[in-house]
Amino acid sequence: MIELEGVPELVDPVMVAAFEGWNDAGDAASTAVAHLDREWKGEVFAALDAEDYYDFQVNRPTVFMEAGVRKITWPTTRLSVVRVGGEKPRDLVLVRGIEPSMRWRSFCNELLGFAHELGVELVVVLGALLGDTPHTRPVPISGTTSDPDLARRMDLEETKYEGPTGIVGVLQEACAHAGVPAVSLWAAVPHYVSQPPNPKATLALLNRLEDLIDVRIPLGELPEDARAWQVGVDQLAAEDSEVAEYVQSLEEARDTAELPEASGDAIAREFERYLRRHDGGGPSAPGGHATADGSDSTSYLRDNPSGRTRPPKPPKPGTDDEESSDD
């Protein structure tokens with residue numbers, strides 16, 4: 001039985017979750033939740049028992065010194081609460097941890113137990129995958145749900161993905177069976193520059209989350225970090241003519257495919273975000289990451305012991321790839 005002592009009654013609570021590992025290319029999703037926790041000074045009220053869900057040979061504990069005393073931090077998933085002020089205040093329940101090594105169904109049931117006790121009205125799970133997207137263009141964000149009514153009401157895609165999945169997909173399915181509205185937001189990270197951090201993808205996830213739950217999120221230094229990241233990748237790509245040519249081909253494919261999408265609705269959303277912003281001032285787990293087709297992928301921008309790998313050619317404009325999320 002879950003007992004939540006010291007947690008006040010929450011106002012219109014939304015649970016926002018992200019997990020390091022396969023669903024977190026470039027650490028974009030977990031960094032987004034960490035940003036929310038830091039900016040709003042979240043208070044941790046619960047942590048799942050690490051013994052129940054983690055293989056410590058895969059996710060090892062870390063040792064640190066505090067006031068001369070040797071301590072150990074165990075890999076786990078923690079829950080914190082933050083209150084978002086404004087004209088319509090609401091609370092966020094932030095879930096941040098590592099994709100569990102085992103007992104995924106029990107893991108999801110425990111999180112849903114917290115959601116039930118706290119009166120959570122919506123679960124939003126953030127993820128990031130590797131894709132054929134150029135770093136020079138806006139980060140593609142897809143919002144998906146398995147609930148047709150929710151898809152229509154919140155302007156989301158009804159997921160039809162089939163293939164390997166991670167804890168994001170399992171948690172969303174668990175929410176559906178429990179009758180809890182759930183949404184997944186996915187950022188596409190360029191596969192040729194997958195090393196964390198990726199502040200541009202983190203920023204894109206937070207902007208989409210802001211629109212979805214109608215709150216204003218303080219961004220701090222993220223916009224400047226995103227610009228600096230892009231300049232750095234520009235410089236690295238320019239040093240290799242093959243990579244530069246590949247990026248150009250991705251840009252052409254992206255621009256051709258998305259030309260019809262420069263709609264009035266998209267422009268209106270960006271303008272509304274601009275007005276909100278100016279109104280009153282104001283570790284990756286071993287292995288690869290999720291890709292558009294559910295497989296693993298590695299980086300192309302860095303050299304590896306066997307030499308630089310030639311990037312694959314991007315899909316032709318207008319072709320219908322696999323689903324862009326793995327939920």
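# A walk across the sheet

Start by selecting residues 141–145 and 182–190: these are strands S8 and S10, which run antiparallel and are joined by four bridges. What you have open is a predicted model. Zoom in on two of the pairings here: Ser 142 sits opposite Trp 186 of S10, and Ile 141 has Ala 187 in S10 as its bridge partner. Four of the five residues of S8 are buried, leaving the strand mostly covered.

Now add residues 167–178. This is helix H5, which packs on the sheet and touches strand S1 (14–20), strand S7 (122–131), S8 and S10. Line your view up with S10, and the direction of H5 makes about 165° with it.

**Zoom out**

Show the whole chain as a cartoon. You'll find nine helices and ten strands, and of the 327 residues, 46% are buried. Switch on the surface if you like: about 17000 Å² is exposed, with carbon and sulfur atoms supplying 50% of that.

Next, color the strands of the open sheet. There are eight, in the order S2-S5-S6-S1-S7-S10-S8-S9, and the pairing is mixed. Which strands form the edges? Strand S2 (43–47) and strand S9 (157–158), each of which pairs on one side only.

**The S9 edge**

Select 157–158 together with S8. These two strands, S8 and S9, run parallel and share two bridges. Look for Thr 144, which stands opposite Glu 157 in S9.

**The S2 edge**

Swing over to the other edge strand, S2 (43–47). Four bridges link S2 to S5 in an antiparallel pair. Pick Ala 47 and its bridge partner in S5, Arg 78. Then step across once more: Arg 78 also has a bridge partner in S6, namely Arg 96.

S5 and strand S6 (residues 90–98) are antiparallel too, paired over seven bridges. Follow the hairpin that joins S5 and S6, with five residues between the strands, and stop at Gly 86, where phi is positive, near 115°. Is S5 enclosed or open? Five of its seven residues are buried, so the rest of the structure largely encloses S5.

While you're here, show the side chains of Asp 91 and Arg 83, which meet in a salt bridge at 2.6 Å, N to O. Asp 91 is buried, with a relative accessible area of 1%, whereas Arg 83 is partly exposed at 47%.

**A patch on the surface**

Select Val 63, Ile 72 and Trp 74: they make a nonpolar surface patch of about 280 Å². Trp 74 belongs to the loop between strand S4 (69–73) and strand S5 (78–84), and counts as partly exposed at 39% relative accessibility.

**Two more salt bridges**

The chain has six salt bridges by count. For one of them, select Arg 137 and Glu 251, whose closest N and O atoms are 3.8 Å apart. Arg 137 lies in the loop between S7 and S8 while Glu 251 is in helix H8 (residues 241–258), so this pair ties together parts 114 residues apart in sequence. Arg 137 is partly exposed at 24% relative accessibility, and Glu 251 is buried at 17%.

For the last stop, select Asp 149 and Arg 152, a salt bridge with its closest N and O atoms 2.3 Å apart. Both residues lie in helix H4 (residues 148–154), three residues apart, or about one turn of the helix. Asp 149 is partly exposed at 44%, and Arg 152 is exposed, with a relative accessible area of 61%.

Notes
Residues are numbered from 1 along each chain as its sequence is written. This is a predicted model: local features need pLDDT of at least 70, side-chain atom pairs count only at pLDDT 80 or more; totals for chains, interfaces and linings use all residues. Side-chain values use heavy atoms; hydrogens and water are left out. Buried means under 20% relative accessible area, exposed over 50%, partly exposed in between (1.4 Å probe, protein chains only). Accessible areas come from the Shrake-Rupley method with a 1.4 Å probe; for residues, only the protein chains shown count as cover. Two strands pair if DSSP finds at least two bridges between them. Contact means heavy atoms within 4.5 Å. Axes are lines fitted to C-alpha atoms, for helices over the stretch in contact, and angles run from 0 to 180 degrees between N-to-C directions. Patches are made of residues with over 30% relative accessible area and no salt bridge: like charges are joined within 9 Å, nonpolar side chains (Val, Leu, Ile, Met, Phe, Trp, Tyr) within 5 Å. A salt bridge is a side-chain nitrogen of Lys or Arg within 4 Å of a carboxyl oxygen of Asp or Glu.
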